[in-house]
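Student: I have a structure open beside its sequence and would like to work through its side-chain packing with you, one question at a time. Where would you like to begin?

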Amino acid sequence: MSTAKPSSSWMAQFKSGERVEVSSNDRGFRGSWYAGTVVRREAKNTNRYVVEYDQLYADESGEKLLQETLDWVQLRPPPPPPEKKVQFKVEDEVEAFYSDGWWEGAIIAEHSGGKFAVFLRGFDEEIVLEEKDLRLPVQWVKGKWEPRFEQVQREKENSNFSKEVMKFTQGMQVEVLTDEDGLKGAWFAATIIEPSGEDKYLIEYKTLRNDDDTEFLREVIRACNIRPCPPEIIVVDGFKVWDAVDAYYNEGWWVGVIAKVLINSNYEVNFIEYDEKTTFNLADLRPHQDWLNGKWVVP
């Protein structure tokens with residue numbers, strides 16, 4: 001896959017001194033957002049910007065803040081505050097402020113004193129955070145905020161669905177999210193072998209092999225990284241630019257966005273996790289769906 005930008009006539013414009021959040025493609029920072037300030041546009045006729053971070057430094061002395069020149073697709077305004085106070089609950093998808101940035105995660109337990117145990121996918125670990133260090137994920141798309149997670153949150157508040165972690169049964173066909181380097185953010189087909197401790201399961205992948213290539217790989221996976229296989233959605237008229245999709249690549253399903261519609265039912269897909277794109281045929285794409293609150297949600 002080669003680095004590229006989504007194809008669209010719309011481009012964000014930022015001014016010197018404007019507050020922004022920055023996404024990074026650097027190893028160890030993918031999936032995070034860091035606060036900063038636009039210093040200037042790199043050149044008059046480009047859409048690249050020099051940004052100074054709030055809490056990242058240029059050297060170990062911590063005396064000079066780090067500045068980087070970034071493409072516009074890596075920037076967004078700070079998300080607006082929610083319209084009303086958010087009542088966080090177990091299983092909520094959140095962004096958690098940790099290690100000076102906002103990281104994707106999911107609440108796995110509630111503690112006393114307004115604290116929550118959060119599983120951070122980028123670190124593959126659980127941490128306990130205060131409510132003030134959590135926020136709902138939102139998306140900045142074509143100059144607008146899409147509060148789809150807030151809508152799901154309100155739907156959860158009116159739902160009678162159990163807040164317990166979903167239980168899986170032996171032999172159940174599922175998809176598994178992995179945090180392994182090079183595979184982060186992809187969902188892989190697997191079979192539940194058996195429970196393995198509290199809220200963990202031994203699974204066997206259907207496409208990934210062990211190091212010796214003698215059998216299919218088996219791993220113990222947290223329940224929060226397992227979901228049922230999504231239902232099939234028949235795509236009649238194809239996809240359009242900015243549609244959220246899953247692309248079948250390297251034996252797994254990768255979350256992306258349609259960047260360009262090509263001929264012969266081919267599409268350029270921009271991968272959200274890595275900000276890279278490649279070309280896929282319609283047969284290797286499916287509409288993206290999120291497994292939230294015990295049901296499938298189409299963004």
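Student: Which residue has its charged end over the ring of Trp253?

Tutor: Please keep in mind that this is a predicted model. A charge is taken to sit over a ring when, among other conditions, CZ of Arg is within 6 Å of the ring centre. Over the ring of Trp253, at 4.1 Å from its centre, sits the charged end of Arg286.

Student: And over the ring of which residue does the charged end of Arg135 sit?

Tutor: Here again the group in question is the charged end of an arginine, and its distance from the ring centre is 4.1 Å. The ring that lies beneath the charged end of Arg135 is that of Trp102.

Student: How are the planes of Phe168 and Tyr201 arranged, stacked or edge-to-face?

Tutor: A pair of aromatic rings is described by the distance of the centres and the angle of the planes. Among the 14 aromatic pairs counted in the model, the one formed by Phe168 and Tyr201 has ring centres 5.5 Å apart. Because the planes of these two rings stand at 90°, and an angle over 60 degrees is the criterion, the pair is edge-to-face.

Student: How many residues apart in sequence are the parts that this pair ties together?

Tutor: Phe168 belongs to the loop between α1 (148-157) and β14 (173-177), whereas Tyr201 belongs to strand β16 (residues 200-209). The pair therefore ties together parts whose separation in sequence is 33 residues.

Student: Is Phe168 buried or exposed?

Tutor: The cut-off for buried is under 20% relative accessible area. Since the relative accessibility of Phe168 is 6%, this residue counts as buried. Its partner Tyr201, also at 6% relative accessibility, likewise counts as buried.

Student: Which residues do ring pairs link into a cluster with Phe271 and Phe280?

Tutor: The rings of Phe271 and Phe280 have centres 5.8 Å apart and planes at 80°, so this pair is edge-to-face, and both residues are buried. Ring pairs link these two into a cluster whose other members are Tyr249 and Trp254.

Student: How many disulfides does the count come to?

Tutor: A disulfide is a covalent bond between the sulfur atoms of two cysteines. Among the cysteines, Cys224 counts as partly exposed because its relative accessibility is 31%, and Cys229, at 36%, also counts as partly exposed. With a pair of cysteine sulfur atoms required to lie within 2.5 Å, the number of disulfides comes to zero.

Note on methods: Residues numbered from 1 in each chain as written. Predicted model: local features only at pLDDT ≥ 70, side-chain atom pairs only at ≥ 80, totals over all residues. Heavy atoms only, no water. Phe/Tyr/Trp six-rings, centres within 6.5 Å; stacked < 30°, edge-to-face > 60°. Helix = DSSP H or I, 4+ residues; strand = E, 2+ residues; numbered from the N terminus. Buried < 20%, exposed > 50% of the residue type's maximum accessible area, 1.4 Å probe, protein only. Lys NZ or Arg CZ within 6 Å of the ring centre and 35° of its normal.
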